[in-house]
Amino acid sequence: MFKSLESVIALYGIMKAGCAYVPLDPNAPEDRLKRIVAECRLSGLAIHPATAKRANLFAQGEGSLAVFGAEAEFWETLGARDANVVSLPTPSPTDLAYIMFTSGSTGTPKGIQHTHHSGLAYARMAASLYGLTPDDRLGNHSPFHFDMSTFEVFAGPVAGACSVLIPEAHARLPASLSQLVEAEKLTVWYSVPFAISQLVDHGALAQRNISALRWVIFGGEPIQTRYLRALAKHAPRARFSNSYGPAEVNQCTYFHASAQDIELLEKLPLGGPCPHAELKLVDHDGQDADRGELLVKTEAMMRGYWGSAQADGEVFCEERSGRWYRTGDLVERQPGGELVFLGRLDRQVKLRGHRIELEEVEAVLSELNGVVDACAAVRADQATLCAFVQIEDGDGPSAQSLRAYAGKHLPRYACPSEYIFTDTFPRTASGKIDRAALAKTLEAPCP
Amino acid sequence: MNPQIGDFITQTLLGGAEVEDTEDLLLSGQIDSLGVMRLVAFIEQTLSITVPPEDVVIEHFQSLAAIEAYLETRTMR
C-alpha cells in the first residue's frame with residue numbers, strides 16, 4: 001500500500017486482531033515481494049483500491065493469500081461496522097507486532113521482528129525524549145516499510161500528537177514538500193539527511209513559512225551541518241537532534257545539537273545513550289574499550305530475525321548482564337563521553353538513508369548465468385552504487401541484462417547505477433578480492 | 001510536448017516503459033527525486049529557460065500531461 005489513511009487503519013487493525021504486520025514496499029520488485037510472502041508465510045494482504053490491479057495479479061500466484069481492501073467500498077463502510085461483534089484478543093507484550101525487512105548479506109532479505117513490548121518501549125522513549133504533546137504535528141516522511149516510520153506511527157499516538165502522512169509524491173518534490181510543511185504547520189520533522197538536503201537545496205524555502213518547526217530530527221546516516229545552518233534561517237525556533245540506532249534496536253543514542261554545535265562542527269556526534277538503552281564499546285577481544293564495536297542493550301531490541309537462528313547468533317551477545325546487540329558500527333568515545341561514528345566493521349553501506357549490504361548486491365548479480373564474480377562499491381563523490389563484474393569469455397551478460405536482473409531482484413535503491421566490466425579482480429595476498437584497491441579506482445571523478 | 005523532452009522522460013528516465021499521459025509518475029516511484037532534478041536540468045538546457053525551484057511542484061510534474069501543460073505556460077511567455 002502507498003501511504004494513505006487506509007494504510008494506517010490496516011497497520012492498527014492487523015495488530016488489534018492479534019496479528020503482526022509486515023509492511024511491503026509497493027515499488028519493490030515482484031520477486032523480492034514473493035520471497036518475503038513465502039518466507040513469512042503471510043496469510044493476508046491488505047491493499048488499497050488504487051493499487052488493486054497489481055496487487056490482485058500478485059496475489060493470484062500466491063494460493064493461500066487472502067486479499068482485503070481491493071474495493072473502495074470495503075474502506076468506506078469500515079466505520080459503520082459494529083466493532084463489538086468481534087472479540088479482540090489482548091496481545092501479550094511478547095507477541096509479535098511487526099516485521100521489517102532489511103538488506104541481508106546472503107542475498108536474502110532479513111526480517112527484523114519487533115514485539116508489542118519492544119515497539120512500545122521505543123515509542124514511549126521517543127515521545128518522552130522529544131517532549132511530544134497533543135499540540136504537536138509530526139511529519140511522517142519515511143515509508144512504512146522503513147523503521148523510522150514507527151516514530152510517527154507509534155510515538156505520535158502514544159503522546160496524543162497528530163501525525164501527518166506525507167504522500168510519496170511530496171517526498172519526491174521538495175518544493176511541494178515545503179508547501180506541505182507550511183500548510184500543515186508541522187512542529188516535528190524526522191527524516192533521513194537526504195530529505196533535509198533536498199528541502200534546503202530545492203525546497204524554495206525563501207517563499208515558505210516553516211517557522212512552526214520546533215524539532216528537526218535526522219538519522220540513518222551522517223548529516224552535513226551546512227544543511228542545518230541553512231534550515232535554521234527558515235526555522236528559527238527549531239532544535240536539531242541527531243538520532244542513531246539500527247532497526248534491530250530502534251533509536252538508542254541522541255545528540256541535541258546547539259546553535260553553536262551547528263556553527264562549529266562539520267559532522268555531529270552520535271551523542272549518548274537514550275534513557276532506555278545501555279551502550280558499551282568492545283575491542284577485538286570483547287574487552288571494554290574507548291574505541292571499538294558499539295553494543296546495545298535495550299527494551300526496544302528486536303526479538304530476533306525471522307526464521308534465522310544463525311543470523312541471531314551473529315548479532316546477539318549473551319552475557320550475565322543480559323542480551324546485547326552487536327551493531328557492527330565502529331565507534332569512538334570522546335573525552336567528554338560523547339560517541340562518534342567512525343565506520344562499519346562489515347560491508348554495509350548507507351545511500352540516502354537506505355541500508356544496503358554490498359554482499360547482497362554481489363550475491364544477486366552472481367546468480368546470473370555467465371557472471372564469474374561481482375564486486376559492488378560506492379562512488380563516494382556521487383553517492384551512487386557501482387558494480388565491477390567479471391564475465392565468462394564471450395558468453396557473459398551485457399550491462400543491460402545485468403541491470404534488468406538487478407531490477408527484478410533488488411530494491412530500486414540497491415540497484416547499481418553503473419556496471420564496470422573487468423577481466424580480472426585485484427586480489428589480496430590471501431586471494432580475496434582487494435576491495436580497497438577497487439574502491440580506489442572509483443575515487444577519480446566520473447568522466 | 002517538445003519531442004526531445006518527451007524522449008528524455010520516456011527513454012532516459014523511464015527506461016522505455018509505456019505510460020499513459022495522465023499516469024502518476026511520482027506515486028509509483030517511476031521518477032524519483034533525483035530523476036525530477038535531472039528532468040529539470042534537461043528542460044532548462046533544451047529550452048534555454050530557468051525553472052525556478054518553486055515551480056517544481058506536483059501540479060507541474062505529476063504526469064506527462066502536467067509537464068506538457070507547464071511547459072506550454074513557460075514557452076508562451
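These are my notebook entries on two chains of a predicted model, A and B.

**Entry 1: where the chains meet**

I started with the contact between the chains. Chain B puts in 14 residues and chain A puts in 16 residues. On the chain B side I looked for the elements involved: helix H2 (33-47) and helix H3 (58-61) of chain B each give at least two residues to the side that touches chain A. I then sorted that side of chain B by residue type and got 8 nonpolar, 4 polar and 2 charged.

While I was in chain B, I checked the loop after H2. B:Ser48 sits in the loop between H2 and H3 of chain B. Its phi is near 50°, a positive value in a residue other than glycine. Is B:Ser48 buried or exposed? I found 7 C-beta neighbours inside 10 Å, so B:Ser48 goes down as exposed.

**Entry 2: helix H5 of chain A**

Next I pulled up H5 of chain A, residues 116-129, and tested its length. With 14 residues at 1.5 Å a residue, the helix should span 20 Å, and its end C-alpha atoms are 20 Å apart, so the two agree.

Which residues of H5(A) are buried? My list reads A:Ser118, A:Gly119, A:Ala121, A:Tyr122, A:Ala123, A:Met125, A:Ala126 and A:Ala127. I looked up what covers them, and the cover includes strand E3 (96-102), strand E4 (110-115) and helix H6 (150-159) of chain A. Just past the helix I noted A:Gly131, which follows H5(A) and has a positive phi near 55°.

**Entry 3: H5 against H6 in chain A**

H6(A) was part of that cover, and I took this pair further. The two helices pack at an angle of about 70°, and their axes are 8 Å apart. Angles of 65 to 115 degrees count as roughly perpendicular, so I wrote H5(A) and H6(A) down as roughly perpendicular to each other. The crossing of H5(A) past H6(A) is right-handed.

For the residues in contact, I have A:Gly119, A:Tyr122, A:Ala123, A:Arg124, A:Ala126 and A:Ala127 from H5(A). They meet A:Thr150, A:Phe151, A:Phe154, A:Ala155, A:Val158 and A:Ala159 from H6(A). By type this contact comes to 9 nonpolar, 2 polar and 1 charged.

**Entry 4: helix H8 of chain A**

Then I moved on to H8 of chain A, residues 174-183. Why did I call H8(A) largely enclosed by the rest of the structure? Because 8 of its 10 residues are buried. Those are A:Pro174, A:Ala175, A:Ser176, A:Leu177, A:Ser178, A:Gln179, A:Leu180 and A:Val181.

I also asked which elements cover the buried residues of H8(A). The cover includes strand E5 (137-140), helix H7 (168-172) and helix H9 (193-202) of chain A, together with H3 of chain B. That H3 also turned up in Entry 1, where it supplies residues to the side of chain B that touches chain A. After H8(A) comes A:Lys185, and I noted its positive phi, near 50°.

**Entry 5: H8 against H9 in chain A**

I ran the helix-pair lookup again here. H8(A) and H9(A) pack at an angle of about 95°, with 8 Å between their axes. That makes this pair roughly perpendicular too. From H8(A), I see A:Pro174, A:Ala175, A:Leu177 and A:Ser178 meeting A:Gln198, A:Leu199 and A:His202 of H9(A). The types in this contact are 4 nonpolar, 3 polar and no charged.

**Entry 6: single residues in chain A**

I finished with a few spot checks. A:Glu168 lies in helix H7 of chain A, which is among the elements covering H8(A). I count 18 other C-beta atoms within 10 Å, so A:Glu168 is partly exposed. Its C-alpha atom is 7.4 Å from that of A:Phe2, although the two are 166 residues apart along the chain.

A:Ser92 is in the loop between helix H4 (72-76) and E3 of chain A. With 10 other C-beta atoms within 10 Å, A:Ser92 is exposed. I also took its distance to A:Thr115, 23 residues away along the chain: the C-alpha atoms are 8.9 Å apart.

Last on my list was A:Arg352, in the loop between strand E18 (348-351) and strand E19 (354-357) of chain A. A:Arg352 has a positive phi of about 50° although it is not a glycine. I have it as partly exposed, with 17 other C-beta atoms within 10 Å.

Notes. Residues are numbered from 1 along each chain as its sequence is written. Chains are lettered from A and ligands numbered from 1 in the order in which they are written. This is a predicted model: local features need pLDDT of at least 70, side-chain atom pairs count only at pLDDT 80 or more; totals for chains, interfaces and linings use all residues. Two residues are in contact if their C-beta atoms, placed from the backbone, lie within 7 Å. Helices (H or I, at least four residues) and strands (E, at least two) are DSSP runs, numbered from the N terminus. Ala, Val, Leu, Ile, Met, Phe, Trp, Tyr, Cys and Pro count as nonpolar, Asp, Glu, Lys and Arg as charged, and the others, Gly among them, as polar. The expected span of a helix is 1.5 Å times one less than its number of residues. A residue is buried if 20 or more other C-beta atoms lie within 10 Å of its own, exposed if 12 or fewer, and partly exposed in between; C-beta atoms are placed from the backbone. Axes are lines fitted to C-alpha atoms, for helices over the stretch in contact, and angles run from 0 to 180 degrees between N-to-C directions. Angles under 35 degrees count as roughly parallel, over 145 as roughly antiparallel, 65 to 115 as roughly perpendicular and the rest as oblique. A crossing is left-handed if the near helix is turned anticlockwise from the far one by less than a right angle, and right-handed if clockwise.
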